[in-house]
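Let's take a friendly walk through this protein chain, from the overall fold down to single residues. Please have the viewer open beside the text.

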Amino acid sequence: MRIRGRVVLAAALALSTMGTTGVALAVDRGAAPAGGPTGGTWAAGAVPVAGQARTATRADAGGRAATPAAPRPAPVASRPAAQVAQAAPASVSYLSDRYRVGPDEAARRLALQELSAPLADTLAARFPDAYAGMWLDQAGGGVLTIAATDPARVTGAVAGLPDARHVTVVPVRHSRRDLDAAATRLAGTLGVTAGRDVVVDERANEVLVLTGDAVPADDARLAGALDTAGVPARVRARFDAGTIPKACDPRYCAQAPMRGGIRLDVPRDDGTVGGCTTGFNVRAKSGRYYVLTAGHCVVGGRHQRVDDTWHQFLGPKVPVGLESTNPVLAENDFPNDYAILPYAKGASTRWAYPRRGAGGNTPSLVNYWCVADNPACAGRGSRDVPITGVTPYATVQAGWVVCATGSAYTPKAGEQYVDSGAGAGYLPGTRCGEVIGKAGGGIDVRVCARPGDSGGPLFTESDGRALGILHNGDPGEGPCTNPDEKNNYVAVSVILDRVNDRTGLDFQIATQGPLLAPPAGSSNR
């Protein structure tokens, strides 16, 4: 917040009692200077900002017009640390888990974080030639680190801050104003956008040109632009070779790579369209990749023709896989409820994982998409889980905590999407629960699922082991309200044993890929 007049940062501060810690940013044009480090207020001095002067003015003793008068703006809301923590339980959980701190310490850090944004604006306006950025050093004890070209000036200004013992000022060479100006010049030279393609790295006190999309890594203009930047500047790839794509909404995931847990739409003989879910990537001994889902998605009374599967059949209608007829790679006879789908013509290239250099291929993934009724998502959020292998059926034990991803959905009124029969209000995504036994001949779990989740993956979150794909379960429609709902998954190890006995193709759950350029001469059917 940039303001004209005196900025007063007031705090009701009792660091030993989480519930009484609080911060407030207010404007006080008539206030006396702040008391000092031990006081309850903080003043950075006058902060002039253009455009905020009022037309009303005061006159001095000689009748001359003085500085325009301005009213006192409303203070920025102040919240006790306990209130901050109550509003951000996932953040408290993250800090506690990651840095092994108690809830009081986590709350203190969050209160300091809430203070840092208005503080940054104030310092940038008060000391434009000295202030160079700030960041929270969580690993170093939750310390707010402020960079400055003139540390003494900034240190003196923030000495009375609430929680001042967790604020430090470090020396750097270039102000944030100079770094921003250099980034703008560089972006103009390269014809890209400052703040997106050319960014400021406050910790390194330098400017970065991000390459790989708007700026090609081999752009001939780069060397000259960096030389004339006037501040330290370097090139960095926007995405390094080790990155992997993140999770996506199972309904709208028409971009690579193929992962377990996204929507498959299957047209039927009678003109209707059903919905299922991808399970895992599968690789044959030949090197060709396939997609695993439930057999009943493509084998049954309304599937006499050779089925094809699509993602977002009602648009953009992206082809995925085909029912294999030579050899037959699908059955609908529990516990053999599986379909191993070869990719449709050209689809493998669309869904493939890019190769990450020599031998550096990305892992095969399962989509972990957060939904409101999965509270565990609060800690880490939506993401992809790399699949590392298969847990044999005989090894699976009651009491294990497991996770499953599904894409079942019933569209809202006016929404164009295939209705899988999930019922209004059901959210597709990942839920976790407990293995309750194997008496059903598969893996019985206490995890909510709906029609359209069939074929979706069951896996262990911690180690990325594939366990099964959804077959059937208790009836249910709409939101997950039954905590004891039971569903049954066909074991992946049983599927692989069955299909490999029948075909000799040595199918395995893929731990990499599917990769670009499958072996030449492989059959697509």
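## The chain as a whole

Contact here means heavy atoms within 4.5 Å. On that basis, among contacts in the protein chain between residues at least 6 apart in sequence, 65% join residues at least 24 apart. This is a predicted model, in which local features need pLDDT of at least 70 and side-chain atom pairs count only at pLDDT 80 or more, while totals for chains, interfaces and linings use all residues. Residues are numbered from 1 along each chain as its sequence is written, and side-chain values use heavy atoms, with hydrogens and water left out.

The protein chain has 9 helices and 30 strands; these are DSSP runs numbered from the N terminus, helices being H or I with at least four residues and strands E with at least two. Of its 525 residues, 48% count as buried. Buried means under 20% relative accessible area, exposed over 50%, and partly exposed in between, with a 1.4 Å probe and protein chains only.

## The sheet 7-8-9 and helix 3

Strands 7, 8 and 9 make an open sheet of 3 strands in the order 7-8-9, with mixed pairing. Strand 7 (131–137) and strand 9 (167–171) are at the edges with a single partner strand each, so one side of each has no neighbour in the sheet. On average, neighbouring strands of this sheet are turned by 25 degrees against each other, direction ignored. Two strands pair if DSSP finds at least two bridges between them; strand 8 (residues 143–148) and strand 9 run parallel and are joined by 5 bridges. In this pairing, Ala147 stands opposite Val170 in strand 9.

Which strands does helix 3 lie across? Helix 3 (residues 103–126) lies across strand 7, strand 8 and strand 9, at about 175 degrees to strand 7. Axes are lines fitted to C-alpha atoms, for helices over the stretch in contact, and angles run from 0 to 180 degrees between N-to-C directions. Within the sheet, Thr145 belongs to strand 8 and counts as buried at 7% relative accessibility. Leaving aside neighbours within four places in sequence, the contacts of Thr145 include Trp135, Asp137, Thr168 and Val170.

## Helix 5 and the sheet 10-11-12

Helix 5 (residues 176–190) has 15 residues that should span 21 Å at 1.5 Å a residue, and its end C-alpha atoms are indeed 21 Å apart. The expected span is 1.5 Å times one less than the number of residues. Its buried residues are Leu179, Ala182, Ala183, Leu186, Ala187 and Leu190. They cover an arc of only 135 degrees around the axis, which puts them on the same side of helix 5; the arc is that of the directions from the helix axis to the C-beta atoms. Thr184 and Gly188 are exposed on the other side of helix 5. Just after the helix comes Gly191, with a positive phi of about 70 degrees.

The buried residues of helix 5 pack against strand 10 (198–201), strand 11 (206–211), helix 6 (222–227) and strand 12. Strands 10, 11 and 12 form an open sheet in the order 10-11-12, again with mixed pairing. Its neighbouring strands are turned by 35 degrees against each other on average, direction ignored. Strand 11 pairs with strand 12 in the parallel sense over 5 bridges, and Leu210 stands opposite Arg236 in strand 12.

## Helix 9

Helix 9 (residues 492–503) has 12 residues and reaches 16 Å from its first C-alpha to its last, close to the 16 Å expected. Val492, Ser493, Ile495, Leu496, Val499 and Asn500 are its buried residues. They cover an arc of only 155 degrees around the axis, which puts them on the same side of helix 9. Gly504 follows helix 9 with a positive phi near 70 degrees.

## Loop residues worth a look

Asp249 is in the loop between strand 12 (233–237) and strand 13 (263–267), and counts as buried at 14% relative accessibility. Its side chain joins that of Arg251 in a polar contact of 2.7 Å; such a contact is a pair of N or O atoms within 3.5 Å, where within protein one must be able to donate a hydrogen and the other to accept it, and residues adjacent in sequence count only if both atoms are side-chain atoms. Pro257 lies in the loop between strand 12 and strand 13, and the peptide bond from Ala256 to Pro257 is cis, with omega near 5 degrees.

Arg100 has a positive phi near 55 degrees and is exposed, with a relative accessible area of 69%. Gln312 has a positive phi near 60 degrees, but is buried, at 10%.
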